[in-house]
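Reader: I'd like to learn how to read strand pairing, salt bridges and a chain interface from a model. Can we walk through one together?

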Amino acid sequence: MKSYLNFKAMTKFTLLVVTSFFTMSVYAQKYMTREGNISFYSDASMEKIEAKNNKVSSAIDAGTGKVEFIVLIKSFHFEKALMQEHFNENYMESDKFPKATFTGTITNMKDINLAKDGSYKANVKGKLTIHGVTKDVASTGMIKVTKGAINVSHKFKVALADYGIEIPSVVKEKIAKEVDVTVNSDYKAM
Amino acid sequence: MKKVLIILLVVAVGISCVGYYMWNKPHANVSNAEPEFKVGSQELITAFETNEQEANAKYVGKLIEVRGKISQVDQTEDGSVNILLESENPMSTVMCQLDAVEKQEHGTLSVGQAITLKGLCSGYTTDVVLDRCHIVK
């Protein structure tokens, strides 16, 4: 009789451990990329300015909902070398501030099941740091889950003045006050 | 008076030409440039891990020649090729993106292969990132 009870207890215990492990391993999943895409576009009266960065580092913790992006300014590619030079030296001062970062949380993580294929709206809140200036931001992006891989896409605007990015009056007409930023990154489960 | 006008015209055309050239100037040549530093991949990663500010001041924006063992080769959707050089920490690599401006043939790249590349250092995320890389050997 004793051995039967022990067997039952053991099975229950094992089942509990296995289930917890399985649940933990699905919901505590971390996703990352080192090849995320962020591009920006500025359309002012005289000029269209466009740059792409395809080496964005980012991580998402499905358990806590924490999101992080690290963007190296010097990794933005412009078609025109002179534009890239001005962007780095005059506007972003990338020698002083080599990165732009975002750290935040997906506040509606309970609505998102990263283990199930589908498209989910993700409400994100956090701190965006550009050119050494940090601002609280909140926005909504899209998370698309396809067979265990996730894609994050998001479009938002950045007002250059908010981050101390000065546009000299000479080129004021060429550069828009607000820049359109597009995020499109594929993550792999760790 | 006519002479002055002609001189002014020549100067104006001259300035326009310089302006046009500058506006359309090509990206810097990397393939023929001499690297400022020659380091091993572990040494480079350790420098950023130990003191990022110092490493930024020393390496960012400079042409660096780095040697190491390939841990991974990725080809992204937009056709970029990223060669990752391994380190003691599996989460940390030197990521070298092959130059898309001056394209070169890269032949076979296999995991475990010893390789030397030179590229412009953009900085440190969780990896040290080199841009516009060329394979040296």
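Author: Let's begin with a term we'll need: buried means under 20% relative accessible area, exposed over 50%, and partly exposed in between, with a 1.4 Å probe and protein chains only. Now the ground rules. This is a predicted model, where local features need pLDDT of at least 70 and side-chain atom pairs count only at pLDDT 80 or more, while totals for chains, interfaces and linings use all residues. Residues are numbered from 1 along each chain as its sequence is written, chains are lettered from A and ligands numbered from 1 in the order in which they are written, and side-chain values use heavy atoms, with hydrogens and water left out.

Reader: How buried or exposed is B:Asp127?

Author: B:Asp127 counts as buried, at 1% relative accessibility. Its partner is A:Arg34, and their side chains meet in a salt bridge at 2.8 Å, N to O. A salt bridge here is a side-chain nitrogen of Lys or Arg within 4 Å of a carboxyl oxygen of Asp or Glu. The pair crosses between chains, from strand E1 of chain A to the loop between strands E5 (114–124) and E6 (128–135) of chain B. A:Arg34 is buried as well, with a relative accessible area of 11%. As for the labels, helices (H or I, at least four residues) and strands (E, at least two) are DSSP runs, numbered from the N terminus.

Reader: How many salt bridges cross the interface of chain A and chain B?

Author: The rule finds four there, and the structure holds 13 over all chains. Take B:Glu52 and A:Lys99, whose side chains meet at 2.6 Å, N to O. That pair runs from helix H3 (residues 52–59) of chain B to strand E5 (residues 99–106) of chain A. B:Glu52 is partly exposed at 27% relative accessibility, and A:Lys99 is partly exposed at 22%.

Reader: Which residues form a network of salt bridges?

Author: B:Asp99, B:Glu102 and B:Arg132 are linked that way. Between B:Glu102 and B:Arg132 the closest N and O atoms are 3.1 Å apart. B:Glu102 lies in the loop between strand E4 (94–98) and E5 of chain B and B:Arg132 in strand E6 of chain B, so the pair ties together parts that are 30 residues apart in sequence. Both B:Glu102 and B:Arg132 are buried.

Reader: What about the interface as a whole?

Author: The size of an interface is often given as the accessible area lost when the parts come together. Here, chain A and chain B bury about 2300 Å² between them, 55% of it on carbon and sulfur atoms. (Buried area is the accessible area, with a 1.4 Å probe, that two parts lose on being put together, summed over both.) In chain A, A:Arg34, A:Lys55 and A:Leu82 lose the most area to chain B, together 27% of what that side buries. By contact (heavy atoms within 4.5 Å), 25 residues of chain A touch 32 residues of chain B.

Reader: And how do I read the strand pairing?

Author: Two strands pair if DSSP finds at least two bridges between them. In chain A, strand E6 (residues 118–130) and strand E7 (residues 133–146) pair in the antiparallel sense over 13 bridges. A:Ala122 has A:Gly141 in E7(A) as its bridge partner. The two strands form a hairpin with two residues between them, and A:His131 in the turn has a positive phi of about 55°.

Reader: Where does E7(A) go next?

Author: Five bridges join E7(A) to strand E8 (residues 149–159) of chain A, again antiparallel. A:Met142 stands opposite A:Ser153 in E8(A). This hairpin has two residues between its strands, with A:Lys147 in the turn at a positive phi of about 50°.
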